[in-house]
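Biologist: Before we discuss this model, I would like each label to be set against the cut-off behind it. Could we go through it in that way?

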Amino acid sequence: MAAVLPPCQSAVVDTNLDESRTMPLMLRRAVALLLGAFYLPLLAAADSQPTHEFFLDNGLKVIVREDHRAPVVVSQLWYKVGSSYETPGQTGLSHALEHMMFKGSRKLDAGEASRILRELGAEENAFTSNDYTAYYQVLARDRLAVAFELEADRLASLKLPPEEFAREIEVIKEERRLRTDDKPSSLAYERFKTIAYPASGYRNPTIGWMNDLDRMQAAELRAWYEQWYAPNNATLVVVGDVSVDEVRSLAQRFFGDIEKRDVPAAKLPLELAEPGERRLKLHVKTQLPTLLMAFNVPSLATEDNARQVHALRLITALLDGGYSARLPERLERGEELVTSASAWYDAYARGDSLFVLSAAPNMQKGRTLEEVEAGLWKELEALKQSAPSADELERVRAQVIAGLVYERDSITQQATTIGTLETVGLSWRLMDEELSALEAVTPEDIQQAARSYFTRSRLSVAHVLPEEARDE
């Protein structure tokens with residue numbers, strides 16, 4: 001099994017070619033500066049896009065970002081509810097409700113909304129996470145009213161037919177089997193989160209535990225829908241070839257008459273600052289062992305010092321930002337300790353987050369999980385002992401900026417970034433402040449973040465082993 005990955009991991013664009021390993025120091029620095037000079041104006045241009053926000057009287061927040069490059073628009077409706085809102089015994093409600101939102105409303109029967117959108121050549125889908133549930137359509141700008149009408153109808157009058165639920169819950173169970181139970185890497189990461197998040201709802205699997213799916217009732221989904229699906233608990237994000245005035249008019253026309261409702265106060269999913277070291281040994285259907293390490297760390301929503309969070313983002317790229325990053329260069333090619341290694345961190349969570357490392361030992365060289373764990377600690381200790389050079393930080397920063405530029409080229413990704421920020425309790429304006437925030441991080445900030453967060457009192461470790469090793 002390769003290094004275990006989370007369900008969604010953003011890749012960092014590697015702007016260095018293979019020959020960078022032998023590239024002279026001055027030339028590497030010149031390349032990094034050139035990358036910065038090339039990408040910064042592009043990002044600045046993206047940040048200059050007119051963006052507007054307003055509220056309807058019922059509390060629905062609407063954010064409009066203009067992008068007139070093509071006659072296309074993306075419409076996304078985000079609800080502040082996800083698996084971290086769920087309680088023991090009722091996991092999977094948010095995801096199951098997402099499925100049922102396509103099963104009929106006052107105006108349309110099950111599947112009709114999707115059929116209408118297909119006939120218009122539109123793309124549609126939905127997704128659920130720890131922190132939110134969102135629905136989106138990508139379509140021609142002159143068809144935006146259709147997307148609004150369909151979305152408003154199911155917000156106001158979802159049917160939830162029992163016979164549709166009985167069929168769909170079996171689809172969800174099969175989805176769980178395919179994506180988690182029968183996929184060793186996903187199963188291992190799901191189990192790992194139960195120790196990595198000892199205090200918060202982030203330990204809940206978004207799809208739900210199978211026992212909870214087996215006993216879920218349609219009435220529970222009705223209650224969940226009535227509890228959280230209100231205009232005052234939602235954000236409508238529109239990005240594309242539109243003006244704020246036309247979006248305001250359409251939003252008022254289709255969403256304005258939906259009544260606001262009382263919504264429960266949702267507390268942030270906070271973790272213990274130093275839960276103590278936790279360890280787990282897992283046996284799954286895999287051929288090769290894998291190591292998982294995670295540290296409990298804050299997110300932008302829970303850390304007052306945002307610079308420390310951005311330092312963690314850059315540490316991710318420093319360790320796992322392509323061919324010349326530290327983990328592949330030192331542990332994979334240098335020491336031949338691992339066959340793969342990765343690092344990831346979600347800075348945009350509603351609550352406290354994790355900084356995760358994953359690696360698979362080089363079995364051909366007889367390497368063990370214990371040796372891999374020691375090797376990863378060695379790299380973390382190096383960060384704590386010595387700040388990275390200015391040249392290395394320049395290169396890493398250029399990679400992260402390049403990734404942001406590529407993301408901003410997509411209207412869907414622009415909308416998703418805005419929706420994520422707003423739904424986890426931050427502001428869409430952070431999207432346009434990212435560049436300056438990343439530029440402000442110093443080598444000393446990197447070192448300080450490593451010292452603060454990479455401690456054994458924040459550590460969870462999992463040894464993921466083949467089933468046949470159970471009796472060894």
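What follows is a conversation about the labels given to parts of this structure and the values behind them.

Modeller: This is a predicted model, in which local features need pLDDT of at least 70 and side-chain atom pairs count only at pLDDT 80 or more, while totals for chains, interfaces and linings use all residues. Residues are numbered from 1 along each chain as its sequence is written, and side-chain values use heavy atoms, with hydrogens and water left out.

Biologist: What is the average pLDDT of the protein, and where does pLDDT stay under 50?

Modeller: The score is the predictor's confidence in each residue, from 0 to 100, and the protein averages 90, with 89% of the residues scoring at least 70. Residues 1-38, however, stay under 50. Where pLDDT is low, the predicted coordinates should not be read in detail.

Biologist: How many helices and strands are there in the protein, and what counts as one?

Modeller: There are 16 helices and eleven strands, where helices (H or I, at least four residues) and strands (E, at least two) are DSSP runs numbered from the N terminus.

Biologist: What makes the reach of helix 13 close to the expected one?

Modeller: The expected span is 1.5 Å times one less than the number of residues; helix 13, residues 390-408, has 19 residues and reaches 27 Å from its first C-alpha to its last, close to the 27 Å expected. Buried means under 20% relative accessible area, exposed over 50%, and partly exposed in between (1.4 Å probe, protein chains only). In helix 13, 15 of the 19 residues are buried, so this helix is largely enclosed by the rest of the structure.

Biologist: Why is L357 called buried, and what does L357 touch?

Modeller: L357, which is found in strand 10, has a relative accessible area of 1%, and therefore counts as buried. With contact meaning heavy atoms within 4.5 Å, and residues up to four places away in sequence not counted, L357 touches a set of residues including L291, F295, L327 and L380. The C-alpha atoms of L357 and L291 are separated by 8.1 Å, although the two are 66 residues apart along the chain.

Biologist: Which residues of helix 11 are buried, and what do they pack against?

Modeller: R326, L327, P328 and L331 are buried in helix 11, and the buried residues of this helix pack against helix 10, strand 9, strand 10, helix 12 and helix 13.

Biologist: What makes the phi of E336 worth pointing out?

Modeller: Most residues other than glycine have a negative phi. E336, just after helix 11, has a positive phi of about 50° although it is not a glycine. L160, in the loop between helix 4 and helix 5, likewise has a positive phi, of about 55°. At 7% relative accessibility L160 counts as buried, whereas E336, at 34%, counts as partly exposed.

Biologist: How do you know that E336 forms a salt bridge with K365?

Modeller: A salt bridge is a side-chain nitrogen of Lys or Arg within 4 Å of a carboxyl oxygen of Asp or Glu, and the closest N and O atoms of E336 and K365 are 3.5 Å apart, so the pair qualifies. E336 lies in the loop between helix 11 and strand 9 and K365 in the loop between strand 10 and helix 12, so the pair ties together parts that are 29 residues apart in sequence.

Biologist: Why does the pair of E53 and K61 count as a salt bridge?

Modeller: Their closest N and O atoms are 3.9 Å apart, which is within 4 Å, so this pair also qualifies. E53 and K61 are linked with E422 and R429 in a network of salt bridges.

Biologist: What, then, is found around E271, which has no salt bridge?

Modeller: E271 is buried, and the nearest side chain of opposite charge, R278, is 5.9 Å away, where Lys and Arg count as positive and Asp and Glu as negative, His and the chain ends not being counted. The backbone nitrogen of A199 lies 3.1 Å from a polar atom of the E271 side chain.

Key: Polar contact = N/O pair within 3.5 Å; in protein donor to acceptor, adjacent residues only side chain to side chain.
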